Amino acid sequence: MSEAVNTLEGWFALHDFRSIDWAAWKSASEEERRAALEELIAFMHKWGDVEANKQGSSTMVSVVGHKADIAFMHLRPTLEELDALEAEFNKTQFAMYTIQTYSYVSVVELSSYVSQAENPEADPAIQARLKPILPKTKHICFYPMNKKREGNDNWYMLSMEERRAMMRSHGMIGRSYAGRVTQIITGSVGLDDWEWGVTLFADDPIVFKKLVYEMRFDEASARFGEFGTFIVGNRMTEERVNEYFAI
Ligand code: 76R
C-alpha cells in the first residue's frame, strides 16, 4: 500500500450557492424588500465580529451565469457552527427569495508534500493558513476536483516520492502567481462529492484563466486532475448589495 500523506486540518468550509427568485423579489413591496436587505446586511455585519474574534471568516459574491446569483463562503471552527449559520440565514426574510442551487462542505487542508511543520500548533504562519481570513479581492473562483484513479493513472497507487515530485512542480507554478492570486485548498474526502474544493481569490479574473490553464500542462493536473463545475463571482460589499438588489 502506498503511504497516505499527512495533512493538517483547519476551519471547516461551507460554500453556499443561491439563486434569487427574481419574480418574487420584484413583486414584493418596497417595504418588504427594504426589510429583507436590512436583515441581509445585518447578517453580513456579524461576520466582522466573527473575524475580529478569530472565530471564522465569511464572504459573499454575486455569481455570473446561471449556476447561481449569489454565493457565500463561510469558514468556522466546527461543522456545528456552519450548520447553525446556514439555518440562521435560512430563517431570514431575505432567504425566502433564494433557492439553494449548490453547496460544498469541506475543511481547510495543508498537506506535507512540499514542507513539513515541526510544531504546527505553535507555528503562527501555519495557523494563519489553517484559519485564514478570506481575502477581500474583487473576484473569487471555486471548483471541486479529484485526483484520478483509473488504470495506470491512479494517484493513490503512486509512491510518496512520485506524488511529492509532482506536488513540488505544482507548487512552483502556483508560487509564480504569488501576489496575484491566493488559493485556499479545502479537503472534502468523506465530507462531499469531490476530493477537494479549490477557491481562488484575485483582483484580475484573467489570472484564474492563466493559472488554471498553465496547471493543465503540469503532470499533477494534466494526468491526474478531474474537475467539477467552475463558478466565478464578484465580491459583494454592503454598497454592492444595495445596487444589485435595487428594483
Ligand atoms: O501549500 C503550499 O503552498 C505548498 C505547495 C502546494 C500544495 C501541497 C500548492 C501550491 N498546492 C498544493 C496542494 Mn495547489 N492548487 C490546486 C489548483 O486547476 C488545477 O489544475 C488544480 C487546482 C490550483 C489552481 C492550485 C493553486 N493544490 C494542492 C492540492 C492537494 C493535492 C493532494 O494533497 O494530493 C490540490 C487539489 C491543489 C489544487 N497551489 C499552490 C496553487 C497555488 C496558486 C499554489 C501556490 C501557493 C503559494 O505559494 O502561496
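K54 is exposed in this predicted model, with a relative accessibility of 63%. That puts K54 past the 50% mark, so the residue falls in the exposed class. K54 turns up in the loop between α2 and β2, the latter covering residues 57-63. The backbone does something a little odd here: K54 is not a glycine, yet its phi is positive, at about 55°. Most residues other than glycine have a negative phi.

Next comes the ligand. There are 23 residues around the ligand, and those that come nearest are R129, Y143, H170, R175 and S221. Some of the contacts are polar. In the side chain of R129, an N or O atom sits 2.8 Å from an oxygen atom of the ligand. For H170, a polar side-chain atom is 2.9 Å from a ligand nitrogen atom, and for Q183 the corresponding distance to a nitrogen atom of the ligand is 3.0 Å. Two or more residues of the shell come from each of β5, α5 (160-175), β8 (182-187), β9 (196-202) and α6 (206-216). Helix α5 is the top contributor, giving five residues. By residue type, the shell around the ligand splits into 14 nonpolar, six polar and three charged.

The UniProt record, an unreviewed entry, has something to say about this region too. Its "binding site" annotation lists R129, Y143, P144, M145, N146, K147, H170, Q183 and S221. These positions span 93 residues of sequence and are spread out in space as well, with up to 22.8 Å between C-alpha atoms. The "active site" annotation, also from an unreviewed entry, covers Y143.

Y143 belongs to strand β5, which runs over residues 139-147. Its relative accessible area is 5%, under the 20% limit, so Y143 is buried. Setting aside sequence neighbours within four places, Y143 is in contact with W196, G197, V198, L200, V212, F227, T229 and F230. P144 is in strand β5 as well, and P144 is buried at 0% relative accessibility. Residues up to four places away in sequence aside, P144 touches Y102, Y104, W194, W196, G197, E226, F227, G228 and T229.

R129 is a helical residue, found in α4 (residues 124-130). With 48% relative accessibility, R129 counts as partly exposed. Beyond its neighbours within four places in sequence, R129 makes contact with V108, L110 and Q183.

Away from the ligand, there is the packing of nonpolar residues to look at. In soluble globular proteins, nonpolar side chains tend to be buried together. The largest nonpolar core here holds 21 residues, and W25, L40, M60, I70, F94, V241 and F245 have the most contacts inside it. At least two residues of this core come from each of α2 (30-52), β3 (70-76), α3 (79-90) and α8 (238-245). Helix α2 gives the most, with seven residues. As for I70, its contacts outside the four nearest places in sequence on either side are D16, F17, R18, I20, M60, V61, S62, V63, F94, M236, Y244 and F245. There is also a second, separate core, made up of 17 residues, with F17, V63, L75 and I140 among them.

Technical notes. Residues numbered from 1 in each chain as written. Predicted model: local features only at pLDDT ≥ 70, side-chain atom pairs only at ≥ 80, totals over all residues. Heavy atoms only, no water. UniProt positions renumbered as here; feature names shortened; annotations may be inferred. Helix = DSSP H or I, 4+ residues; strand = E, 2+ residues; numbered from the N terminus. Buried < 20%, exposed > 50% of the residue type's maximum accessible area, 1.4 Å probe, protein only. Contact = heavy atoms within 4.5 Å. Near = heavy atom within 4 Å. Polar contact = N/O pair within 3.5 Å; in protein donor to acceptor, adjacent residues only side chain to side chain. Nonpolar A, V, L, I, M, F, W, Y, C, P; charged D, E, K, R; others polar. Core = buried A, V, L, I, M, F, W, Y, C linked by side-chain atoms within 4.5 Å.
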